[in-house]
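This report covers one cavity, one core and a handful of single residues. Keep the model in view while reading.

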Amino acid sequence: MVAGAFPLVKLGYLAVKQISKPLANVIKLRAKKHPFFRKYVCMPPAQIYHWMEVNVRMRMLGLGKAQSVERLSEEMAIELGAEMLGEFVIFSMAAVTVVLEYKRSSKKEALKEEKQKHDFLMLQQKLQDLDLICMVQEAQIRELQRSVDALASKSKKK
């Protein structure tokens, strides 16, 4: 069962990975067309990203902080925001896949440790049982030895 389940899980993760790109493209197209997404989901992150990018580039070039950063045009902001949204969807799908794989492997490892612990406890129990049997047999051997000694002493007396 484990050998059969392993490829199916990997196949499922691969399917999620393959589906995420077209899904992201559909979300991007819908976001560009829907006014709410254009105005409140695509444009603000795009403008913030643009502002941060300009400031980082200015500092890397040693020009200091930009005094004022021109805002992106609405069309460019929508395009950049849609791209960012698409990449976020792909990243989210990948992150979920990694988390699920981690949980699956952790569960598998926990089951393996539990089985080892159970096997160890069973071995300890068997060892205790064998020790008890050994003690009983030693007592029986001593009793038999006494019986043999008693019979030997009776036969010498006769």
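Helix H1 (2–33) and helix H3 each give at least two residues to the lining of the largest cavity. The model is a predicted one. A search of the whole structure finds one cavity of 30 Å³ or more. The volume of the largest cavity is about 40 Å³. Its lining consists of Lys21, Ala24, Asn25, Lys28, Glu83, Gly86, Glu87 and Ile90. Sorted by class, that lining has four charged, two polar and two nonpolar residues.

Lys28 is one of the lining residues. Lys28 sits in helix H1. Is Lys28 buried or exposed? Its relative accessible area is 13%, so Lys28 is buried, the limit being under 20%. Beyond residues up to four places away in sequence, Lys28 touches Ala82, Glu83 and Gly86. Glu83 and Gly86 also appear in the lining of the largest cavity. The C-alpha atom of Lys28 is separated by 26 Å from that of Val69, and the two residues are 41 apart along the chain.

Next, the nonpolar core. Which residues make up the largest one? It has five: Met43, Ala46, Leu72, Ala77 and Ile78. Helix H2 (35–60) and helix H3 (74–157) are the elements that give two or more residues to this core. In soluble globular proteins, nonpolar side chains tend to be buried together. Leu72 is a member of the core. Leaving aside neighbours within four places in sequence, Leu72 is in contact with Ala46, Gln47, His50, Ala77 and Leu80. Of these contacts, Ala46 and Ala77 belong to the core as well.

Asn55 lies in helix H2. Asn55 is buried, because its relative accessible area of 6% is under 20%. With neighbours within four places in sequence set aside, Asn55 is in contact with Lys65, Ala66 and Val69.

Arg104 has its place in helix H3. Its relative accessible area is 24%, which means that Arg104 is partly exposed. The C-alpha atoms of Arg104 and Leu144 are separated by 59 Å, with the residues 40 apart along the chain.

How many disulfides are there? The count comes to zero. A disulfide is a covalent bond between the sulfur atoms of two cysteines. Cys42 is buried, at 0% relative accessibility. Cys134 is partly exposed, with a relative accessible area of 35%.

The table sets out the accessibility values side by side.

| Residue | Relative accessible area | Class |
|---|---|---|
| Cys42 | 0% | buried |
| Asn55 | 6% | buried |
| Lys28 | 13% | buried |
| Arg104 | 24% | partly exposed |
| Cys134 | 35% | partly exposed |

To close, back to the helices. Helix H3 supplies at least two residues of the cavity lining, and helix H3 also gives two or more residues to the largest nonpolar core. Helix H1 shares in the lining, while helix H2 shares in the core.

Technical notes: Residues numbered from 1 in each chain as written. Predicted model: local features only at pLDDT ≥ 70, side-chain atom pairs only at ≥ 80, totals over all residues. Heavy atoms only, no water. Core = buried A, V, L, I, M, F, W, Y, C linked by side-chain atoms within 4.5 Å. Buried < 20%, exposed > 50% of the residue type's maximum accessible area, 1.4 Å probe, protein only. Helix = DSSP H or I, 4+ residues; strand = E, 2+ residues; numbered from the N terminus. Contact = heavy atoms within 4.5 Å. Disulfide = S-S within 2.5 Å. 1 Å grid on protein atoms, 1.4 Å probe; cavity = no way out; pocket = protein on both sides within 12 Å on 5 of 7 lines; lining within 4 Å. Points joined across faces, edges and corners; volume = space filled by probe spheres on them. Nonpolar A, V, L, I, M, F, W, Y, C, P; charged D, E, K, R; others polar.
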